[in-house]
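Grab a pencil and work through the exercises below with the model open beside you. Try each task yourself before you read its solution.

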Amino acid sequence: MSIAEIKAELPKLTFEEKAEIAQAMGIQYDAWDLQMIEDGKPGGKLHRLGEEALSAYERGECEAWP
């Protein structure tokens, strides 16, 4: 498989799959990166925060950014 073919397939991968490839290549995540990955998963703190923000937006409780 060529580099061009690999690059063409990357957009089709999930974040988790991309992270797995990065780890296979020897790219290491630090503790903060790993925590953000966990928090972004369904049920995680970051995921819940996003859901709360979307709900507030849908209820019309947000102001437009200047």
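## Exercise 1: Around helix 4

Gly-60, just after helix 4, has a positive phi of about 75°. Keep in mind that this model is predicted.

**Task.** Find helix 4 and work out how its end-to-end reach compares with the expected span.

**Solution.**
- Start with the boundaries: helix 4 covers residues 45–58, which is 14 residues.
- Next, get the expected span, which is 1.5 Å times one less than the number of residues. For helix 4 that gives 20 Å.
- Now go from the first C-alpha to the last: the reach is 20 Å, close to what was expected.

**Task.** Stay in helix 4 and look at Tyr-57. Is Tyr-57 buried or exposed?

**Solution.**
- The cut-off you need is that exposed means over 50% relative accessible area.
- Tyr-57 has 58% relative accessibility, so Tyr-57 counts as exposed.
- While you're there, jump to Lys-18, 39 residues away along the chain: the C-alpha atoms of Tyr-57 and Lys-18 are 30 Å apart.

## Exercise 2: Salt bridges

**Task.** How many salt bridges does the structure hold, and how accessible are the partners?

**Solution.** You should end up with 3 salt bridges. To sort the partners, use these cut-offs: buried is under 20% relative accessible area, exposed is over 50%, and partly exposed is in between.

- *Glu-9 and Lys-12.* Their side chains meet at 3.2 Å, N to O. Glu-9 is at 36%, so Glu-9 is partly exposed. Lys-12 comes out at 61%, so Lys-12 is exposed.
- *Glu-38 and Lys-41.* Here the closest N and O atoms of the salt bridge are 3.0 Å apart. Glu-38, at 45%, counts as partly exposed. Lys-41, at 32%, is partly exposed too.
- *Arg-59 and Glu-61.* This salt bridge has an N to O distance of 2.9 Å. Arg-59 has a relative accessible area of 53%, so Arg-59 is exposed. Glu-61 is at 52%, which makes Glu-61 exposed.

## Exercise 3: A nonpolar patch

**Task.** Which residues make the nonpolar surface patch of about 730 Å²?

**Solution.**
- Pick out Met-1, Ile-3, Ile-6, Leu-10, Ile-21, Met-25 and Ile-27: together they make the patch.
- Zoom in on one of them, Ile-21, which sits in helix 2 (residues 15–24).
- A residue needs over 30% relative accessible area to be in a patch. Ile-21 has 37%, so Ile-21 is partly exposed.

## Exercise 4: The whole protein

**Task.** Zoom out. What elements does the protein have, and how does its radius of gyration compare with that of a compact globule of 66 residues?

**Solution.**
- Count the elements: there are 4 helices and 0 strands. Reading from the N terminus, you get α-α-α-α.
- Compare the radii: the protein has 17 Å, whereas a compact globule of 66 residues would have a value near 11 Å.
- Check the outline: along the principal axes, the C-alpha atoms fill a box of roughly 50 × 25 × 25 Å.
- See what is covered up: buried residues are 8% of the 66 residues.
- Finish with the surface: the protein exposes about 5,900 Å², and carbon and sulfur atoms supply 60% of that.

Note on methods: Residues are numbered from 1 along each chain as its sequence is written. This is a predicted model: local features need pLDDT of at least 70, side-chain atom pairs count only at pLDDT 80 or more; totals for chains, interfaces and linings use all residues. Side-chain values use heavy atoms; hydrogens and water are left out. A salt bridge is a side-chain nitrogen of Lys or Arg within 4 Å of a carboxyl oxygen of Asp or Glu. Buried means under 20% relative accessible area, exposed over 50%, partly exposed in between (1.4 Å probe, protein chains only). Helices (H or I, at least four residues) and strands (E, at least two) are DSSP runs, numbered from the N terminus. Patches are made of residues with over 30% relative accessible area and no salt bridge: like charges are joined within 9 Å, nonpolar side chains (Val, Leu, Ile, Met, Phe, Trp, Tyr) within 5 Å. Accessible areas come from the Shrake-Rupley method with a 1.4 Å probe; for residues, only the protein chains shown count as cover. The radius of gyration is taken over C-alpha atoms; the globule rule is 2.2 Å times the number of residues to the power 0.38.
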